[in-house]
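I opened this entry to look up internal space, surface patches and charged pairs. My notes follow in the order I checked them.

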Amino acid sequence: MGGLAKDITVAVIGAGTMGAGIAQVAAAAGHPVLLLDAQKGAAGKGRAGIENALARLVEKGRMEAHERDDLIGRISIADDLKDLSRAGLVIEAIVEDLEIKRKVFAELEAILANDAIIASNTSSISITALAAGMEHPGRLVGMHFFNPPPLMALVEVVTGLATDTMVAKTVFDTAESWGKAPVYAKSTPGFIVNRIARSFSGEALRLLQEGAADPATLDAIMRDCGGFRMGPFELMDLIGLDVNLSVTKSIWNLYYNDPRYLPNVLQEEMVAAGRLGRKSRQGWYDYAEGAEKPKPKSEPTRPEPGEVRLIGDLGPAAPLIPLIEKSGLEFETRDDEESENLGGIYVGNGEGGGVIKFTDGTSATERAAVEEEDNLIHLDLCLDFAASPRVVLAPGDRTEPQAMAVAVGLFQKLGKEVTVIADVPGMVLMRTLAMIANEAAEAAYHGVATPKGIDTAMLKGVNYPKGPLAWADEISLPWILMVLEGLAGQYGEDRYRASALLRRKVFGGAHFHETT
Ligand code: NAI
């Protein structure tokens, strides 16, 4: 494996949340590390924090005491920028301010060897802008770690217009030799993860605004059906609503107010009220002593359907077929060559029935009218229908309650909790994933990163259950496009416009990852 030799000194400037963690990672890899902070005592505090973290690892038996001593022994505190002159790589993790960072880089250039690399951990400032005015702008590269650096594998290796290819490669190889998962990214607003992840909270806020469901229910859908570790509202509470809002606003501004990144007034109101999440003990949830977390909405028990017919192509809901087969329910399967409409699951009993169809990005009400289908019920996506403990349904405005009851009964018979949401276009997981995948496609189209790099970034930087492009391939790209077109038809072209690359893949009969 390439990268910097282990005897090369790595300097870390800024010993806060990120800098201390980065110093730990570099020292764990065997480098002598110099840690510097402008604030008196901060670097010592940073190192003490690392010692505490390592002490816990030793206690748990995950690290030997001598390894800890060696690691800590490799981290020295620097008192002055001039002390960093022997470093071969300097990683800057100071305050997120263009002018302050530029000033530090100018001072560094005056003391470092000509071939020393300067890397910035910035999460939102252009690497091109940071390098402008440097004597050797080719030596500046983004090395964007994720919080906490010792635990999160992703490192976005961000290249600006002037970044030397060999400099980026050295940093990439070095990150890899440190056990990280580096991914190249072109310097663009939000790089990969912070840009693509906007849709995760962005759609959630719109769904809340549209009355789809309450935050606890929306979160449960994203966890149970989507396989995400946290729901969007829980995540906003953890990150801080103010931080999330300011990242969203920054990316929205940097993309010239592109409606894809539009901030949401609901969040603005929460921030105005000081409801910032866990840190203020009140956000989307209440964190006061003894406060109980609200439960997601689930339907009461309904009788199982007497009649089940699987008609035509169920699309992304096809994995339900083996579950219905195993359930012991009597059912029929029929092709439906005469109809132009997509297929569905017809359910009924003595009192009535309806048809369950996988969401196409419109509302169930509109689709029922267009397809001349009484009692149409929309079904949301599941990452894995067999493993998901929950399924989500939405009735059209004219769907009768009896039809809804039998549809609920079907999924309860399959052992699922059933959540019924309001009739919002594209539903919850399908709509959010379509937006995330579309954003990933657009980033690939613009050469920000490769499809493989994008999927790795979302898996390793924010723990997505699947890379969004691989997930889109699996669902079927024509279906993703149909959902986006359905959404665009409901809300206007701007926000939900499909990426030209996605369209090309669909019309070329291709995938983002050709092996899938
Ligand atoms: P922080 O506020 O925890 O730490 C920054 C440290 O830099 C402070 O200890 C401060 O005293 C020191 N500092 C400020 N100006 C300095 C200077 N001129 N010279 C030396 N030290 C200086 O900030 P945090 O969260 O660690 O962020 C640092 C950088 O990492 C920022 O660019 C941020 O955008 C980026 N980042 C932050 C992430 C996070 O989750 N907090 C994630 C990824 C990147």
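Which helix gives the most to the lining of the largest cavity? I worked on a predicted model, and there I found that helix 8 gives the most, with three residues.

**Entry 1: the cavity**

I looked for cavities of 30 Å³ or more and found one. I noted about 40 Å³ of space in the largest cavity. Its lining consists of Phe-200, Ala-204, Leu-207, Leu-218, Met-222, Pro-232, Phe-233, Val-428 and Thr-432. I then assigned lining residues to helices: helix 8 (198-209), helix 9 (215-225) and helix 10 (232-239) each supply at least two. By class, I have eight nonpolar residues, one polar and no charged in this lining.

**Entry 2: a surface patch**

Next I turned to the surface. Leu-238, Ile-239 and Val-243 make a nonpolar patch of about 230 Å². Ile-239 belongs to helix 10, one of the helices that supply at least two residues of the cavity lining. I logged Ile-239 as partly exposed because its relative accessibility is 39%.

**Entry 3: salt bridges**

How many salt bridges does the count come to? I have 29. I wrote down some of them individually.

Arg-309 pairs with Glu-307, and their closest N and O atoms are 3.6 Å apart. Arg-309 has 23% relative accessibility, so I list Arg-309 as partly exposed. Glu-307 is also in my partly exposed column, because its relative accessible area is 43%.

For Glu-474 and Lys-466, I have a salt bridge with the closest N and O atoms 2.6 Å apart. Is Lys-466 buried or exposed? I put Lys-466 down as partly exposed, because its relative accessibility is 21% and buried means under 20%.

I also checked Glu-485 and Arg-503, whose side chains meet in a salt bridge at 2.8 Å, N to O. This pair links distant parts of the chain: Glu-485 sits in helix 19 (residues 477-491) and Arg-503 in helix 21 (residues 500-507), 18 residues apart. Glu-485 has a relative accessible area of 40%, so I count Glu-485 as partly exposed. Arg-503 is partly exposed because its relative accessibility comes to 31%.

Last, I looked for salt bridges that share partners. I found that such bridges join Glu-203, Glu-210, Arg-431 and Arg-495 into one network.

Note on methods. Residues numbered from 1 in each chain as written. Predicted model: local features only at pLDDT ≥ 70, side-chain atom pairs only at ≥ 80, totals over all residues. Heavy atoms only, no water. 1 Å grid on protein atoms, 1.4 Å probe; cavity = no way out; pocket = protein on both sides within 12 Å on 5 of 7 lines; lining within 4 Å. Points joined across faces, edges and corners; volume = space filled by probe spheres on them. Helix = DSSP H or I, 4+ residues; strand = E, 2+ residues; numbered from the N terminus. Nonpolar A, V, L, I, M, F, W, Y, C, P; charged D, E, K, R; others polar. Patch = residues over 30% accessible without salt bridge, like charges linked within 9 Å, V, L, I, M, F, W, Y side chains within 5 Å. Areas by Shrake-Rupley, 256 points an atom, 1.4 Å probe, with all protein chains shown as cover. Salt bridge = Lys/Arg side-chain N within 4 Å of Asp/Glu carboxyl O. Buried < 20%, exposed > 50% of the residue type's maximum accessible area, 1.4 Å probe, protein only.
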